[in-house]
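Ready for some practice at reading a structure? Grab a pencil, open the viewer, and try each task before you peek at the solution.

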Amino acid sequence: MAIEKYEDGFTAEDFEVAVRTDDMEIDTTFSGEGRLKTALRRYKRNKAAMFGLITLTILVIASILIPALSGKAIDAQNPDRSFVAPKIPGILNGSERIPYTTGERTVNKYEELSIDETAYLFGTDQLGRDLFSRCFKGMQVSLLIALAAGMISLVIGMNYGMISGYIGGKTDLIMQQIVDVLSSIPTLVVVTLLMLVFKPGISSIIIAIMLTGWMEMSIIARAQVFKLKDREYILAARTLGAGDFFILFREILPNIFESLVTELMVSIPTAIFFETFLSFVGLGLPVGSCSLGRLISEGFDNCLIHPYTLIPPMILLVLLMISANLVAEGLKDAFE
Amino acid sequence: MVKYTIKKILISVLSLILIIFILFMLMELMPGSPFNDEKLSEEQKQVLYEAYGLDKPVIYRFGVYMINMLHGDFGDSYSISVNTPVASLISTRLPVSMQVGGAAMLIGSIAGLALGFLAAFNRGKAMDVICMIISILGVSVPSYIFAILLNYYVGFRWKALPLLYDFRIPVRTSIMPVIALSIGVMGVVMKFTRDEATMVLKSDYVLFARSQGISEKEILFGYVLRNSMIPVITVMAMLLVSLLTGSLVTERIFSIPGIGALLTTAITANDYNVVIALSFVYAVIYVAARLVLDLVYGLIDPRIRVSGGAGK
């Protein structure tokens with residue numbers, strides 16, 4: 001093997017590879033940590049967000065398991081046992097003070113009707129239905145409505161915003177003006193009118209929430225695409241012959257997905273609020289169906305005499321709203 | 001500025017026309033016709049159609065409809081108060097809602113600004129945490145929950161304030177609804193003020209002002225207050241919507257004779273003319289408020305009118 005000579009007269013043998021393992025160290029703080037991992041680390045540090053996540057998880061699991069396992073049917077009516085006060089063994093004995101015109105009287109329906117085979121944890125409603133399983137079933141329905149509306153808005157808004165942002169120019173201008181005009185119609189009006197046309201029910205509520213929800217998503221998606229579309233890696237992909245479709249969905253979408261997920265999380269409390277609000281006003285789910293809004297509405301009608309019909313669904317709603325908002329805020333901060 | 005103003009006004013007008021169009025289409029598509037009695041002959045129907053202008057082309061009727069709407073002629077109420085013009089139903093109720101909503105907006109904004117600054121200046125301390133908890137409660141919990149709680153405890157249990165609204169003592173009876181509605185406003189304003197004020201406090205020009213020996217008080221009023229108030233203005237339109245929505249339920253709970261309660265009653269009574277008129281009124285309030293805020297915002301911050309709209 002001929003020895004290669006360098007210009008200065010050195011040969012390759014004059015050099016050796018410097019191996020200084022002792023001096024080298026891996027930067028443990030930042031090395032190879034993906035964005036997702038960073039976000040996760042940041043999220044875990046956020047106490048409020050962690051509290052929200054834990055509460056939300058418990059609520060979701062409870063809303064799935066309790067109606068299935070409580071052993072009491074959700075719609076089983078029992079007029080004899082209407083307005084039985086809550087009884088929790090060891091804490092509440094199932095008696096309630098009912099105000100009369102001449103004063104107050106303590107009533108214990110468990111003793112009066114000799115109910116001893118079961119304890120109604122949250123009491124019963126006007127028709128003698130168990131409020132404990134109804135409350136969690138209601139939360140399940142409310143969550144499902146919110147999730148479905150959020151997902152559909154996400155798909156529509158994401159595509160609209162991404163296409164608008166990616167194509168740019170005149171198309172973008174027109175598409176944005178459409179959103180501008182549409183978003184100036186108050187949600188309340190859209191929802192009210194829709195409910196006049198459609199039959200009240202779960203699907204109409206989902207459509208109503210979705211019709212106004214997709215615009216927020218599209219605005220976020222468009223802004224994110226604008227940030228990314230002139231990056232080098234997009235240029236590289238295009239140079240290598242990638243089509244617009246490929247670039248949009250394989251190169252850009254994975255990188256903006258986190259902000260879309262955050263927005264989905266933000267939209268969930270809004271949707272829950274709208275469902276309860278509509279049901280309370282009488283526009284939402286029909287009487288007889290079970291959702292947090294309906295339970296609160298029915299509880300409100302009876303709350304002056306039997307406050308326990310109102311308090312549990314209200315507490316569940318408040319917990320749900322707070323935890324969902326905390327998770328959304330935490331995600332926002334973590335991905336920033 | 002002129003171009004920006006014209007553009008914003010055009011968009012507002014366009015959205016109003018669109019809203020009227022949607023309302024008109026709803027009326028058109030509503031099943032049934034007032035004259036589908038089989039006893040009527042073709043000629044009689046013809047006469048009736050001509051009398052009510054139903055033989056004219058759709059576009060002509062839309063024009064008439066739009067002019068009527070803009071004149072405040074919404075037709076008569078069907079069932080709530082039979083044969084009363086809807087406009088007069090609304091005009092007696094609108095001021096009540098405006099007073100309650102306006103008071104809630106004002107009190108909520110002032111309280112939110114004050115607490116937001118308090119939190120920003122005490123960042124990380126106990127005060128900040130307390131303010132943040134209040135703000136999270138205000139943002140997440142719907143206003144009607146507060147309304148129900150106030151109604152039950154303050155009104156029913158403790159008997160501290162009248163349970164329901166009474167037009168003879170409007171101030172005393174509006175205290176609870178105003179508080180219930182203002183908590184949400186306060187929460188949102190507080191959160192925005194805190195974030196903005198924190199950012200301004202960290203900025204170089206505040207650091208520079210401090211290095212010049214300018215007093216904390218002057219920094220607060222001369223620098224932080226002004227610069228952090230601008231973004232807060234943008235949320236006002238959003239807040240107005242949540243107030244309008246909230247008023248629907250709050251008015252039902254306290255039986256306030258406002259437009260929110262009217263809308264709820266009209267929906268349950270299927271009084272289409274009232275529902276449509278109120279939808280129009282709500283839309284006008286919202287579009288007008290958005291326009292005013294956009295213009296004010298453009299006036300305060302020149303960067304906005306160049307880029308074409310308030311921050312989304």
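**Exercise 1.** Does A:L278 count as buried or exposed?

*Solution.* Keep in mind that this is a predicted model.
- Start by placing the residue: A:L278 sits in helix α9 of chain A.
- Next, count its surroundings. A:L278 has 27 C-beta neighbours inside 10 Å, so it counts as buried. The cut-off for that label is 20 or more.
- Now look at who touches it. Leaving out residues up to four places away in sequence, A:L278 is in contact with A:V191, A:I205, A:L283, A:G284 and A:G293.
- Finally, look far away: the C-alpha atoms of A:L278 and A:F10 are 85 Å apart, and the two positions lie 268 residues apart along the chain.

**Exercise 2.** Work out how chains A and B touch, and which helix of chain A supplies the largest share of its side.

*Solution.*
- Begin with the totals: 32 residues of chain A are in contact with 33 residues of chain B.
- Then find the helices involved. On the chain A side, α5 (169–183), α6 (187–197), α9 (244–281) and α11 (311–335) each give at least two residues.
- The largest share, seven residues, comes from α6(A).
- Sort that side of chain A by class and you get 25 nonpolar, six polar and one charged residues.
- Zoom in on α6(A): A:T187, A:L188, A:V189, A:V191, A:T192 and A:M195 are buried there.
- What covers them? The cover includes α7 (202–228) and α9 of chain A, along with α9 (216–253), α10 (259–268) and α11 (272–300) of chain B.

**Exercise 3.** Describe how α2(A) packs on α11(A).

*Solution.*
- Get the geometry: α2 (residues 47–69) of chain A packs against α11(A) at an angle of about 135°, and their axes are 8 Å apart.
- Turn the angle into a word: because of it, α2(A) is oblique to α11(A).
- Add the handedness: α2(A) passes α11(A) in a left-handed crossing.
- List some partners. The α2(A) side includes A:F51, A:L56 and A:L59, while the α11(A) side includes A:L319, A:V327 and A:E329.
- Classify the residues of this contact: eleven are nonpolar, four polar and one charged.

**Exercise 4.** Do the job again for α6(B) and α7(B): what is the handedness of their crossing?

*Solution.*
- The helices are α6 (residues 143–157) and α7 (residues 170–202) of chain B, packed at an angle of about 145° with their axes 8 Å apart.
- The crossing of α6(B) and α7(B) is right-handed.
- Among the meeting residues are B:F146, B:L150 and B:V154 in α6(B), and B:M176, B:P177 and B:I183 in α7(B).
- By class, the contact of α6(B) with α7(B) has ten nonpolar, four polar and no charged residues.

**Exercise 5.** In which sense do strands β3(A) and β4(A) pair, and how many bridges are there?

*Solution.*
- β3 (residues 95–100) and β4 (residues 103–108) of chain A pair in the antiparallel sense over six bridges.
- Check a couple of pairs: A:S95 has A:N108 as its bridge partner in β4(A), and A:R97 has A:T106.
- How do you get from one strand to the other? A hairpin of two residues joins β3(A) to β4(A).
- Last, check the cover: β4(A) is hardly covered, since the count of buried residues among its six is zero.

Methods
Residues numbered from 1 in each chain as written. Chains lettered and ligands numbered in written order. Predicted model: local features only at pLDDT ≥ 70, side-chain atom pairs only at ≥ 80, totals over all residues. Contact = placed C-beta atoms within 7 Å. Helix = DSSP H or I, 4+ residues; strand = E, 2+ residues; numbered from the N terminus. Nonpolar A, V, L, I, M, F, W, Y, C, P; charged D, E, K, R; others polar. Axes fitted to C-alpha atoms, helices over the stretch in contact; angles between N-to-C directions. Parallel < 35°, antiparallel > 145°, perpendicular 65-115°, else oblique. Left-handed = near helix turned anticlockwise from the far one by under 90°. Buried ≥ 20, exposed ≤ 12 C-beta atoms within 10 Å, placed from the backbone. Pairing = 2+ DSSP bridges.
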